[in-house]
Amino acid sequence: MASDDLARTKKSASRDGRLILFIDEAGFRFDPVKRNSWAPAKNPPILRPIAKKDRVSAIAGLVYDPRTKATDLGFRLQHTYYNRYTVASFLEAMITDLDRDVLVILDNWDPHRLAIDHLEETNPATASRLAVAYFPTYAPDLNPLEQLWTHVKYGQLANYVPETIEQLHRRAAQLIEAKQPRQETLRNYIRTAELVM
């Protein structure tokens, strides 16, 4: 779907009274994103990350109400990669908590398409409340949740070296939770993605 088609789809959702739900995933690793930082002269900080391949996988859903401009943020963390079943489970949980029909917009990724198929097979009542649209291929910046991952992963978690996977999990959860009540921050994610709402 081209970006202008996506804009028309969002305008149609607004006319139909649907909520808009953006979905995206990210991963947090033991090896931190490295950024320049302040330190005493000739005494640079030394990062010694633990050589582990464990990761915390995150999925988030950003809800936008075109009528009121209100936003909401839900997320889930786990220690394995997301697949059709875990994406479908998250979608089902998010939609169950919403009181109106929903336009879901997500990346054109096979597990996303399969998750929608799985939801239609296992929970047709919930699936019937959905309209689905996909972002254009190779256009991640159109997804407002990329701003969330940029702030958390490349900003607040930069130079952070956890000792355990549980510590990384807790820290990532704290940082994402801190965004939930910040309506203006969440609306800015949508503005930065230059989406016409």
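These legends accompany several close-up views of a predicted model.

**View 1. The whole chain offers a first look at how helices and strands alternate.** The protein's secondary structure comes to seven helices and five strands. Starting at the N terminus, the elements follow the order α-β-β-β-α-β-α-α-β-α-α-α. Of its 197 residues, 45% count as buried. Contacts across the chain are worth a look too: among those with a separation of 6 or more, 77% are between residues 24 or more positions apart.

**View 2. Five strands make up an open, mixed sheet.** Reading across the sheet, the strands come in the order E3-E2-E1-E4-E5. Strand E3 (71–78) and strand E5 (130–134) stand at the edges with a single partner strand each, so one side of each has no neighbour in the sheet. From one strand to the next, the twist averages 25°. As a reminder, strands of a sheet pair through backbone hydrogen bonds, and they may do so in parallel or antiparallel fashion. Here E4 (residues 102–106) and E5 run parallel, joined by five bridges. To find your place in this pairing, look for Ile105, whose bridge partner in E5 is Ala133.

**View 3. Helices H3 and H5 pack on the sheet.** Helix H3 (residues 110–122) touches strand E1 (19–29), E4 and E5. The direction of H3 makes about 170° with that of E5. Helix H5 (residues 145–156) lies across E1, strand E2 (55–64) and E3. Relative to E1, H5 runs at about 30°.

**View 4. Helices H2 and H3 cross each other.** Two packed helices are described by the angle between their axes together with the distance between those axes. For H2 and H3, the axes come within 8 Å and cross at roughly 60°. The two helices are therefore oblique to each other, and H2 passes H3 in a right-handed crossing. On the H2 side, the residues that meet H3 include Tyr85, Ala88, Leu91 and Ile95. On the H3 side, look for Pro111, Leu114, Ala115 and Leu119 among the residues that meet H2.

**View 5. Arg100 and Asp65 form a buried salt bridge.** The structure holds four salt bridges, and this view shows the one between Arg100 and Asp65, whose closest N and O atoms are 3.0 Å apart. The pair links distant parts of the chain, 35 residues apart. Arg100 sits in the loop between helix H2 (84–96) and E4, whereas Asp65 sits in the loop between E2 and E3. Buried or exposed: which describes Arg100 and Asp65? Both are buried.

**View 6. Arg129 and Asp101 meet in a salt bridge between loops.** Their side chains come together at 3.9 Å, N to O. Arg129 belongs to the loop between helix H4 (124–127) and E5, and Asp101 to the loop between H2 and E4, so the salt bridge ties together parts that are 28 residues apart in sequence. Asp101 counts as partly exposed, because its relative accessibility is 36%.

**View 7. Glu184, Arg187 and Arg191 share a salt-bridge network.** These three residues are linked by salt bridges. Within the network, the closest N and O atoms of Glu184 and Arg191 lie 2.8 Å apart. Glu184 is partly exposed at 41% relative accessibility. Arg191 is also partly exposed, with a relative accessible area of 45%.

Technical notes:
Residues are numbered from 1 along each chain as its sequence is written. This is a predicted model: local features need pLDDT of at least 70, side-chain atom pairs count only at pLDDT 80 or more; totals for chains, interfaces and linings use all residues. Side-chain values use heavy atoms; hydrogens and water are left out. Two strands pair if DSSP finds at least two bridges between them. Helices (H or I, at least four residues) and strands (E, at least two) are DSSP runs, numbered from the N terminus. Axes are lines fitted to C-alpha atoms, for helices over the stretch in contact, and angles run from 0 to 180 degrees between N-to-C directions. Contact means heavy atoms within 4.5 Å. Buried means under 20% relative accessible area, exposed over 50%, partly exposed in between (1.4 Å probe, protein chains only). Angles under 35 degrees count as roughly parallel, over 145 as roughly antiparallel, 65 to 115 as roughly perpendicular and the rest as oblique. A crossing is left-handed if the near helix is turned anticlockwise from the far one by less than a right angle, and right-handed if clockwise.
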